[in-house]
Amino acid sequence: MEVEIIYTKLIKPSAPTPPHLRTLKLSPVDQIQYSIKPTALFYYSADGSAGAEEVERRINRLETSLSETLTRFYPLAGRYMADGNWVDCDDEGVEFFVAKVKGCRLSEVLSKRDEMIDQLSHLVGGAYTSSITSVQINMFDCGGLVIGIRVSHHLFDGFSAACFIASWARTAMSRQGGMDNDHDQVISAPTFDLISILPENDLPKIKPTPPLMETDISVTKRIVFDRAAISALRAISHDPSFPRKPSRVEVVTALIWRARMRVSRAKHGDSLRSTSLAALTMDLRPRIVPPLPPSSCGNLVNMVTARFVAADSGGNAEVPELKDLVGLLIDSITKSKETVVSREDVFPTLLRTRNELYEAVEKGEADVFMFTSWCNFPVYKFDFGWGKPVWVSRIHWGYEAAIFLDTEGGDGVEAWVNFNKEDMPLFLQDTDILAFTSQEAP
């Protein structure tokens, strides 16, 4: 697959940002995020009307609707000022790349998804530029389109990014005169004033963020848990003592956590480390009282940690049963969801949980495995006017973690896993991974 950039431009908001909104101070939690731009790719199949003129009209509509959307999401068109941890909302613009994909039809990418992972990064630019947001529109000869989007983690978490993309899609759809119920449900009035709403009192001292893994020593793979696998996992991992049935994300997290424990044990001479942590990201917004505006943008994701401690401190303990890990996850997640957080405690809570996790990583006394879920995000509903995406993907990134997305039907889980190159073969050959996943089928 060869990707040729046809042109690049900066898309500015269609109306200038008012002077009183030109400076956006970042919250303490925004400030400690990695200087990375998480990426999502949205794949739109060709249809009978997608000739050259129609594709050009679609790109023009994407440009115009993006410009209109940026009047609401104006910080995304600014520039991050690292020296003062603020954003200059100067309307400099979003990087907008238009590219031609040669030597490959979109259907070929979709039929060879696992083989194409290393090449997907060519479908979105702006990884190392000063732009907060980068968008790349990739045209296939068959008429298919792939929209690649990067947004700086200093400004947005996954919830905020989903709000932006949904608003952009709805704006594009409205220009065509077509709206559906899915779009009508999307909230479109973003706010960026967390720093004025949430107090910064009594903040704990922030521990240094662990360094990112060099991308050339890690590898990303995609494994798929289909509906049947999810049903089987939920059946074998449920226990009558649990307060509720496990979710699909919980059983997949437990399975990958267990497989990673086995990899760690193999690396340490068949000795299981006494403590293992599974750290999951969870949106804090639903737990804050009084409630924030429904589309408050920024980083409001908390780390929920499930902890396994081996009974045999001598290192000869067996890897726990799947049911045991599911129980630990349900307990931690349930307690987190039931805990109400006042506005005064939001920043201290977020910083304390990160400090605890980073301290465990720094001391090296426990295995720490990171999990993020995009499941139930409405990413398969983002229709810009020519249909919903047939696939949504990630690309290779620079830290060890598992990131979950819905499958197209919404009843399975695509797990994108990024591990050290030495660990990945052991992980993929784990008996549970082999038994419950597809590593090749789309």
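**Close-up views of a predicted model**

**View 1. The largest nonpolar core has 68 residues.** The residues with the most contacts inside this core are Tyr43, Leu120, Ile147, Phe164 and Phe384. Helix 5, residues 158-176, gives the core its largest share, seven residues. The model shown here and in the other views is predicted.

**View 2. Phe164 and its contacts are shown here.** Neighbours within four places in sequence are left aside. Phe164 is then in contact with Leu66, Thr69, Leu70, Phe73 and Leu76. Thr133, Ile149 and Phe156 are in contact with Phe164 as well. Another core, of 44 residues, lies apart from the largest one. Among the residues of this other core are Phe242, Ala278, Ala310 and Ile333.

**View 3. Cys89 and Cys104 illustrate a structure with zero disulfides.** A disulfide is a covalent bond between the sulfur atoms of two cysteines. For Cys89, the closest cysteine sulfur belongs to Cys297. The two sulfurs are 12 Å apart, which is too far for a bond. Cys89 is buried, at 0% relative accessible area. Cys104 is in no disulfide either. Its nearest cysteine sulfur is that of Cys142, 8.5 Å away. Cys104 is also buried, with a relative accessible area of 10%.

**View 4. Helix 8, residues 227-237, has buried residues along one face.** The buried residues are Ala229, Ile230, Leu233 and Ser237. Seen down the helix axis, they fall within an arc of 100°, so they line one face of helix 8. The face turned away from this buried side carries the exposed residues Arg227, Ala228 and Ala235.

**View 5. The surroundings of helix 8 include strands and helices.** Its buried residues pack against two strands, strand 9 (218-225) and strand 17 (413-420). They also pack against helix 9 (248-267), helix 10 (322-338) and helix 13 (431-436). Asp226 caps the N-terminal end of helix 8. A side-chain oxygen of Asp226 lies 3.2 Å from the backbone nitrogen of Ala228.

**View 6. Arg58 and Glu54 form one of the 24 salt bridges in the structure.** Their side chains meet at 2.9 Å, N to O. Both residues belong to helix 2, residues 52-70. They are four residues apart, about one helical turn. An α-helix has 3.6 residues a turn, so residues three or four places apart point the same way. Arg58 is buried, at 2% relative accessible area. Glu54 also counts as buried, at 15% relative accessibility.

**View 7. Asp114 and Arg222 join parts that are 108 residues apart in sequence.** The side chains meet in a salt bridge of 2.8 Å, N to O. Asp114 lies in helix 4, residues 113-116, and Arg222 lies in strand 9, so the pair ties these separate parts together. Both residues are buried.

**View 8. Glu359 and Lys363 form a salt bridge within helix 11.** Their closest N and O atoms are 3.0 Å apart. Helix 11 covers residues 346-363, and the two partners are four residues apart in it, about one turn. Glu359 is partly exposed, with a relative accessible area of 28%. Elsewhere, salt bridges that share partners form a network. This network joins Arg258, Arg262, Asp430 and Asp432.

**View 9. Val379 sits in the loop between strand 14 and strand 15.** Strand 14 covers residues 367-373, and strand 15 covers 391-393. Val379 counts as buried, at 5% relative accessibility. Residues up to four places away in sequence are not counted among its contacts. Val379 then touches Phe42, Pro389 and Val392. Val379 and Val392 are 13 residues apart along the chain. Their C-alpha atoms are separated by 7.2 Å.

**View 10. Asn302 is a buried residue in strand 12.** The strand covers residues 301-309. The relative accessibility of Asn302 is 4%. Its side chain makes a polar contact of 2.7 Å with that of Thr353. Residues up to four places away in sequence are again not counted as contacts. Asn302 then touches Leu280, Thr281, Met282, Leu284 and Arg287. It also touches Thr349, Leu350, Thr353 and Arg354.

Methods. Residues are numbered from 1 along each chain as its sequence is written. This is a predicted model: local features need pLDDT of at least 70, side-chain atom pairs count only at pLDDT 80 or more; totals for chains, interfaces and linings use all residues. Side-chain values use heavy atoms; hydrogens and water are left out. A nonpolar core is a set of buried Ala, Val, Leu, Ile, Met, Phe, Trp, Tyr and Cys residues joined through side-chain atoms within 4.5 Å. Buried means under 20% relative accessible area, exposed over 50%, partly exposed in between (1.4 Å probe, protein chains only). Contact means heavy atoms within 4.5 Å. A disulfide is a pair of cysteine sulfur atoms within 2.5 Å. The arc is that of the directions from the helix axis to the C-beta atoms. A polar contact is a pair of N or O atoms within 3.5 Å; within protein, one must be able to donate a hydrogen and the other to accept it, and residues adjacent in sequence count only if both atoms are side-chain atoms. A salt bridge is a side-chain nitrogen of Lys or Arg within 4 Å of a carboxyl oxygen of Asp or Glu.
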